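This briefing goes through strand pairing, charged side chains and cysteines in one protein model. Please keep the structure open while reading.

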Amino acid sequence: MRNFLFESVWMLSHRDKTARFVELHPKKNLIWGRNHTGKSSLVKTLFLTLGARPQGKLDKWDEYTVSLVTFQIDGQRLSVLHKSGMRALFYDNGELHAATSDFPEWCEIFSGITGFNLILSGKNSHSVQADPNCFFLPFYINQDGSWQSSWSTFPAIHQFKDPYKSILDYFSGVKPPEYYKAKVQHDAEQLLLADQQKERSLLEKARDRLSVKLPQSGPKLDPENFKFEIEQLTREVTELNKEQERLREKAVSERDLLSSINKQVSLAKQVLGAYEHDAMFLRKGDRGVLVCPVCHAEHKEAFIELLSFVDDARSLYRFTEKMESDASEIQVKINRTLSEICSLEAHYQKISRLLNVRRGELQFHQVIESIGAEQAYSVFAEEFNALDSEIANRVEMIRMLKAELKSFDNRKRSSDILKHFRDAYSAALFELSVSIDKKPSQLNSRPKISGSAGPRAVLAYYAAIWALCYGEYGSFNVPLVIDSPNQQGQDDINLPKVISFVTDKLPSNAQLILGSELKPDQGFDNEIILDRPYNLLEEQFYEDALAEVGPLEKQMFDSLSKG
């Protein structure tokens, strides 16, 4: 089981010249403050920095705020810097490990450092690597999307196809990380097998077509009868093949070059055609990180390109003119090469005359056709043997991987996990004074209860999930983050039950971060008090933050500008 732990977060606004530093305890943390003091902003910054964008808009918040989150993975301390969709990963000594403004690339980096190897299906049914939203989904109750019956913690989750069961199976141990490691290898082998089978099918078609042209049976005669003709034919064919090969390569190279130039010219003209439209868009000013309006996934803003957009347009005009000139020259060369190829026809006429030489009733071309057919079918046989051997080896590898995958599909373990979930769920419901008639059939069966009991049932559901994740089969210890548990008007009897349950009944070895507008009586290892509405960041911390974050920010920008 791997262990993830939040250590601290810096937040820095260059626009407002304000900042704040928050250090987190490995156990129980309370973020306490009235409405609008920044509890949710602080919590959401933790996730947003690492690539998980929570549901909900931050009110009166500088969208260009720079954040630096320090965390541990199995004791290794790392830091991630984020600004407007750009992210950089640093080692504990401040050394830059990676920087990117491309969200899919960041997902690969995050997966590499955490070991989070869950594979999900995208909307097009292709297998894709799960992102940081999936990593934090089971462990974060977001006040803006998690207290209801649906999964709305991270909107970008919807870019995947039915991800919730797979995510919960992964973290609860129904299908552990080893399963997905084997599945990635299995899927890769399946793709290679499909390619090889397609190649074999094409080879069969080529052989069948050739069988129509070349006889599979015919005179198998001693070619000594045609020794002189064969030697002469061999010399002619050798010369012809050499010249053909040279001209063929030359023609192909020239056509490829012409095609490439034409494509570049076409693309350049398309870009120039759209220039005015794009220019009008860009004049609207810096837009920061681009977020998909449908799935809310982050996409990079071409920051460096914006600065040189006009110069790029001029360069494209000059580039187009140069390419069109080069294309004309290449076309002349192609015509010359094609003319040379036509001149080879004389060689074919000479060979044709040789093929008509007879010895008795048997024509010379019959001998050549028979020998050629034997050689051709021999080559096909060799190719089939090699392919069949590779296919057999790959089929055996897939069989072994399927057996390995099946070994992880342990019905007894799955049954034990589901029973543990139901027992933990029932116990939590009892503690929180919630009555549910129907027990959940699956791990992803969220409760659907209206009224003030609804949020308590949701908390009981998450508590049962966390009992699994921190249990015998769990794969990751991830901090439990609960934002604003006082939902749907909890009264003076039920609210203390909720707070007491959060502090006393959750896994004792978990890092807990609780955001509350009311100060509970229970003790916490670390209390973060926010008492100024809309002033989470303060001027007094700006210089310290600039000294700490500034050099890392410069490293990130330098790396991205070079890349």
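The points below are grouped by topic. The model is a predicted one. In it, five strands form an open parallel sheet, there are 20 salt bridges, and the count of disulfides is zero.

**The five-strand sheet**

- The strand order in this open sheet is β10-β16-β17-β3-β18, and the pairing is parallel.
- The edges are taken by β10 (140-141) and β18, each of which has a single partner strand, so one side of each lacks a neighbour in the sheet.
- Helix α14 (residues 494-504) packs on the sheet and touches β3, β16 and β17. The direction of α14 makes about 160° with that of β17.
- At the β10 edge, two bridges join β10 to β16 (residues 480-483) in parallel, with Ile141 opposite Ile482 of β16.
- Strand β3 (residues 28-33) is joined to β17 (residues 512-516) by five bridges, and these two strands run parallel. Trp32 has Ser516 of β17 as its bridge partner.
- Five bridges also join β3 to β18 (residues 526-530), again in parallel. Here the bridge partner of Gly33 is Leu530 in β18.

**Strand β1 and its partners**

- Strand β1 (residues 2-13) has ten of its twelve residues buried, so β1 is largely enclosed by the rest of the structure.
- β1 runs antiparallel to β4 (residues 66-73), with eight bridges between them. Ser8 is paired with Thr70 of β4.
- β1 also runs antiparallel to β2 (residues 18-23), with six bridges. Trp10 stands opposite Phe21 in β2.
- Four residues lie between β1 and β2, which form a hairpin. In the turn, Lys17 has a positive phi of about 55°.
- β15 (residues 476-477) is a parallel partner of β1, joined to it by two bridges. Arg2 is the residue opposite Phe476 of β15.

**Salt bridges**

- How far apart in sequence are the two residues of the pair formed by Arg2 and Asp74? They are 72 residues apart and link distant parts of the chain, with Arg2 in strand β1 and Asp74 in the loop between β4 and β5 (76-83).
- The side chains of Arg2 and Asp74 meet at 2.8 Å, N to O. Arg2 is partly exposed at 28% relative accessibility, and Asp74 is partly exposed at 43%.
- Arg200 and Glu204 form a salt bridge whose closest N and O atoms are 2.4 Å apart. Both residues belong to helix α5 (residues 177-213), where a spacing of four residues separates them by about one helical turn.
- Arg200 is partly exposed at 22% relative accessibility, as is Glu204 at 30%.
- In helix α15 (residues 542-562), Asp558 and Lys554 are likewise four residues apart, about one turn of the helix. Their side chains meet in a salt bridge of 2.8 Å, N to O.
- Asp558 is partly exposed, with a relative accessible area of 32%, whereas Lys554 is exposed, with 52%.
- Glu7, Arg77 and Asp92 are linked in a network of salt bridges.

**Glutamates in helix α6**

- Helix α6 covers residues 227-273 and includes Glu254. Glu243 also lies in α6.
- Glu254 is buried but has no salt bridge. Its nearest side chain of opposite charge, Lys250, is 4.4 Å away, and the cut-off for a salt bridge is 4 Å, which means that this pair is not counted.
- Apart from its neighbours within four places in sequence, Glu254 is in contact with Ile330, Lys333, Ile334 and Thr337.
- Glu243 is partly exposed, with a relative accessible area of 28%. Glu243 and Glu340 are 97 residues apart in sequence, yet their C-alpha atoms are 9.6 Å apart in space.

**Cysteines**

- The count of disulfides comes to zero. For Cys107, the nearest cysteine sulfur is that of Cys134, 8.5 Å away, while the cut-off for a disulfide is 2.5 Å.
- Cys107 is buried at 7% relative accessibility. Cys469 is also buried, at 1%.

Methods. Residues are numbered from 1 along each chain as its sequence is written. This is a predicted model: local features need pLDDT of at least 70, side-chain atom pairs count only at pLDDT 80 or more; totals for chains, interfaces and linings use all residues. Side-chain values use heavy atoms; hydrogens and water are left out. Two strands pair if DSSP finds at least two bridges between them. Buried means under 20% relative accessible area, exposed over 50%, partly exposed in between (1.4 Å probe, protein chains only). Lys and Arg count as positive and Asp and Glu as negative; His and the chain ends are not counted. Contact means heavy atoms within 4.5 Å. Axes are lines fitted to C-alpha atoms, for helices over the stretch in contact, and angles run from 0 to 180 degrees between N-to-C directions.
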